[in-house]
Each structure stands twice: as structure tokens, then as C-alpha cells.
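Dear colleague,

I am passing on the structure we discussed, and I would be glad if you could look through it with the notes below beside you.

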Amino acid sequence: MSGIADAFNRPVNYLRISVTDRCNLRCIYCLPPQGVPLLPHEDILTYEEIASFVRAASTLGISKVRLTGGEPLVRAGLPGLVAMLAQIDGIDDISLTTNGILLADFARELKEAGLKRVNVSLDSLKPERYAAITRHGELDKVLKGIEKAKECTLEPVKVNVVVMEGVNDDEVTDFARLTMSEGWHVRFIELMPFGGDNPPLAHSIGKAPSPPKFVPVERVMDRLQSLGRLEPSLPPRGNGPARYYRFPSARGTIGFITPISDHFCFNCNRLRLTADGKLRPCLLNDMEVDVHQHLRRGAATEELKETIVGAIKSKPKGHQLARGRTAKERTMSQVGG
Ligand code: SAM
């Protein structure tokens with residue numbers, strides 16, 4: 001694997017870039033209904049600045065880039081950024097994490113610009129429940145987005161489901177069935193405690209009074225037993241932290257992402273860049289290294305590289321959730337998930 005190693009010998013070759021802190025949804029576990037204070041526009045990195053950063057990072061062995069947010073597709077001209085990144089030597093995989101609401105509109109353009117694949121966040125297959133979880137999202141648009149992405153061969157399309165007790169945990173078998181009938185690749189994710197009010201405390205939906213609670217992956221696996229025996233599987237393309245399984249007759253896979261019950265920090269190959277130009281060596285730790293100032297004054301590649309190496313070397317060994325410590329300064333939508 002390419003990528004310079006951090007202080008614990010983990011090669012870092014994967015960069016997640018948040019292109020905006022704006023989002024067109026207000027998922028109950030991610031944002032309060034009124035949203036959170038937004039970055040001033042002038043603080044947000046331009047596409048040229050992001051590309052300069054990625055050029056420097058690529059010379060250090062970063063080869064995979066994922067665009068996220070906020071909702072990345074609400075930022076104007078995203079296919080233009082993809083095209084800029086696709087031309088950078090050493091970048092061999094550009095992917096996108098989206099809520100899918102605008103995906104049908106942009107899938108073709110993104111593919112033509114050089115995007116390889118998409119992950120779509122989708123926490124319910126029931127239109128009313130989906131609207132309640134996202135606080136107004138239209139399920140139909142997301143399903144159309146998934147179909148369009150497949151048609152444009154932005155594959156594999158992975159569907160990410162954050163499982164919450166009493167909110168959507170009764171739907172895990174419905175999602176799993178789609179791996180057999182439609183060849184979907186579904187990943188169940190444990191809800192993480194994140195930020196001061198994330199998951200927001202003041203929410204109410206369905207049977208869950210407040211706030212949403214995480215469901216350990218073993219409980220999800222137990223529920224899936226009613227559909228047959230899960231067999232370990234190779235991952236569909238990608239480099240995420242999921243463990244994969246499939247039902248014998250299924251074209252699609254089921255992945256489990258377990259930041260809480262079985263963390264994967266020992267394998268972490270990631271660096272994150274926030275929309276306002278801060279490097280985050282760890283999602284669940286507030287430590288940040290500023291690259292905004294370097295990018296704004298057009299710093300030379302060597303200087304950027306030095307800053308990136310510093311951030312990589314400062315990656316903590318692992319998160320501290322077991323000790324009740326998490327990132328507090330920013331919400332998930334402000335870091336990029
Ligand atoms: N808007 C895009 C989307 O919905 O995919 C990208 C940003 S969103 C913050 C990225 C991912 O973070 C989503 O899959 C969302 O479900 C997940 N997420 C947000 N808060 C979370 C939490 N507390 N625990 C686990 N996942 C969370």
C-alpha cells in the first residue's frame with residue numbers, strides 16, 4: 001500500500017475531503033432541526049485550493065480521495081472539482097459520499113468527470129419514516145439516484161445505513177433482502193456519539209423518545225439470521241473499514257462498520273480535510289492542523305507537504321470512546337463523516 005506511515009506504522013493513503021458544511025437534510029442523529037452555524041463563504045476552500053492540496057498529498061502517497069460534506073452535491077460545480085482531481089498523477093480512486101437526493105441529476109456528469117463510485121446514506125426504505133429521520137427528505141429521489149448511479153456505472157454503489165434502536169432497526173432484514181433481489185451492497189453502521197449535541201438531544205421520532213441509541217452489530221446479525229446463513233465475503237471494491245458477508249444466493253454484500261463494538265483504529269489509513277481547510281488526523285478527536293492559511297497565500301508544495309506529514313505523524317493511536325471522550329468542537333456534518 002502506498003502512503004507514508006504515521007507514528008504507529010499505519011500507511012495513510014486515503015483522504016476524505018469535505019467540500020461544504022451545508023446540507024439539504026437535517027438527519028435526526030446528525031443535525032439539530034435548525035442546523036448548526038455555517039462557515040462564512042470566504043472561509044471555504046476554493047476548488048483550486050483543494051486541488052493544490054491534493055497535488056501535494058498525492059506526492060506523499062495519497063492515492064484515494066472521497067468527497068463528502070455536509071452534502072457535497074449542494075456545492076455548485078462539483079463535477080468540475082472531480083475533473084481537476086482526476087488529472088492529478090497518483091490519484092487512482094475518486095469517490096463520493098452523498099445522501100442521494102441530488103444524485104440522479106449529477107450522476108452522469110460526475111461519471112464523465114472521472115468519479116469512480118458512490119456511497120449513498122439511506123436509513124429507511126419507508127417514505128414516511130425516511131422523511132421523519134431526515135426531517136423532510138423524499139425517499140423516491142434517493143432511490144432514483146441509486147438507480148441512476150448504477151446506470152452510469154458509478155459502481156459499486158454502497159448503501160450506508162446507520163442503525164438506531166426503535167427508529168429503523170426493524171428494517172435491517174428489508175435492507176438485507178435487497179442484496180439478494182437487487183444486488184445492493186448494504187453496510188450497517190453503528191451510531192457514534194459525536195459533538196456536544198450529536199446525536200442531537202432534542203429529537204423525537206416513532207417509538208424512540210430521545211436521543212437515538214446505537215445498536216451493536218451482533219444484534220443486527222441476529223436479526224438477519226431469519227433470512228439464512230451469512231457467509232464471509234470479499235469486499236466489493238473500496239478501502240473502507242467494513243467486514244463483509246453475503247447470503248449464498250445474493251449478488252450484493254452486507255458490510256458491518258463497528259466503530260463502537262469493535263473499533264478498527266489499528267487499520268486506519270485516513271486523513272480528513274474540512275471545508276475550511278483544517279486537517280483532521282482522527283474523526284473522533286478535535287485535534288486539527290491548519291492548512292487553510294498555507295493554501296490562501298499560495299504556499300509552495302514543499303511547505304504543504306511538510307504540514308501534511310506533520311498531521312499524519314500526529315494521528316492518535318485510536319479513539320477514546322470507551323473512556324467517554326469524543327470530538328466536541330464540530331458535528332459530523334462539519335467534519336465530513
Ligand atoms: N451528506 C452526505 C451523506 O449523507 O452521506 C455526507 C455527509 S454525512 C455527515 C456522512 C455520513 O455520516 C452519513 O452516512 C451519515 O449517516 C453519517 N453520520 C452522521 N452522524 C453520524 C453518527 N453520529 N454516527 C454514525 N454515522 C453518522
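To begin with a single position in this predicted model, proline 156 is buried, because its relative accessible area is 10% and the cut-off for buried is under 20%. Proline 156 sits in the loop that joins helix H5 (139-151) to strand E5 (158-163), and, leaving aside residues up to four places away in sequence, it touches Arg117, Val118, His185, Pro236 and Arg237. From proline 156 to alanine 107 the separation is 49 residues in sequence and 13 Å in space, taken from C-alpha to C-alpha.

A second buried position is threonine 179, which has a relative accessible area of 0% and belongs to helix H6 (residues 172-181). The side chain of threonine 179 reaches the backbone oxygen of alanine 176 at a distance of 2.6 Å. With residues up to four places away in sequence again left out, the contacts of threonine 179 are Trp184, Val186, Phe247, Ala250, Arg251, Gly252, Thr253 and Ile254.

Turning to the interior, the largest nonpolar core comprises 94 residues, and Phe53, Val54, Leu67, Phe188 and Leu224 are those with the most contacts inside it. Helix H1 (residues 47-58) supplies the largest share of this core, namely seven residues. For phenylalanine 188, the contacts beyond four places in sequence are Val161, Val163, Val172, Phe175, Val220, Leu224, Ile254, Gly255, Phe256 and Ile257; Ile254 is thus listed for phenylalanine 188 and also among the contacts of threonine 179.

The ligand is the last point I would ask you to examine. There are 16 residues around it, of which Tyr29, Gly70, Glu71, Ser121 and Met192 come nearest, and by class this shell consists of six nonpolar, eight polar and two charged residues. Which atoms of the ligand lie across from tyrosine 29, glycine 70 and serine 121? A polar side-chain atom of tyrosine 29 is 2.7 Å from an oxygen atom of the ligand, while a polar backbone atom of glycine 70 is 2.9 Å from a nitrogen atom of the ligand, and a polar side-chain atom of serine 121 is 2.5 Å from a ligand oxygen atom. Of the 550 Å² of accessible area that the ligand has on its own, the protein covers 93%.

With best regards

How values were computed
Residues numbered from 1 in each chain as written. Predicted model: local features only at pLDDT ≥ 70, side-chain atom pairs only at ≥ 80, totals over all residues. Heavy atoms only, no water. Core = buried A, V, L, I, M, F, W, Y, C linked by side-chain atoms within 4.5 Å. Buried < 20%, exposed > 50% of the residue type's maximum accessible area, 1.4 Å probe, protein only. Helix = DSSP H or I, 4+ residues; strand = E, 2+ residues; numbered from the N terminus. Contact = heavy atoms within 4.5 Å. Near = heavy atom within 4 Å. Polar contact = N/O pair within 3.5 Å; in protein donor to acceptor, adjacent residues only side chain to side chain. Areas by Shrake-Rupley, 256 points an atom, 1.4 Å probe, with all protein chains shown as cover. Nonpolar A, V, L, I, M, F, W, Y, C, P; charged D, E, K, R; others polar.
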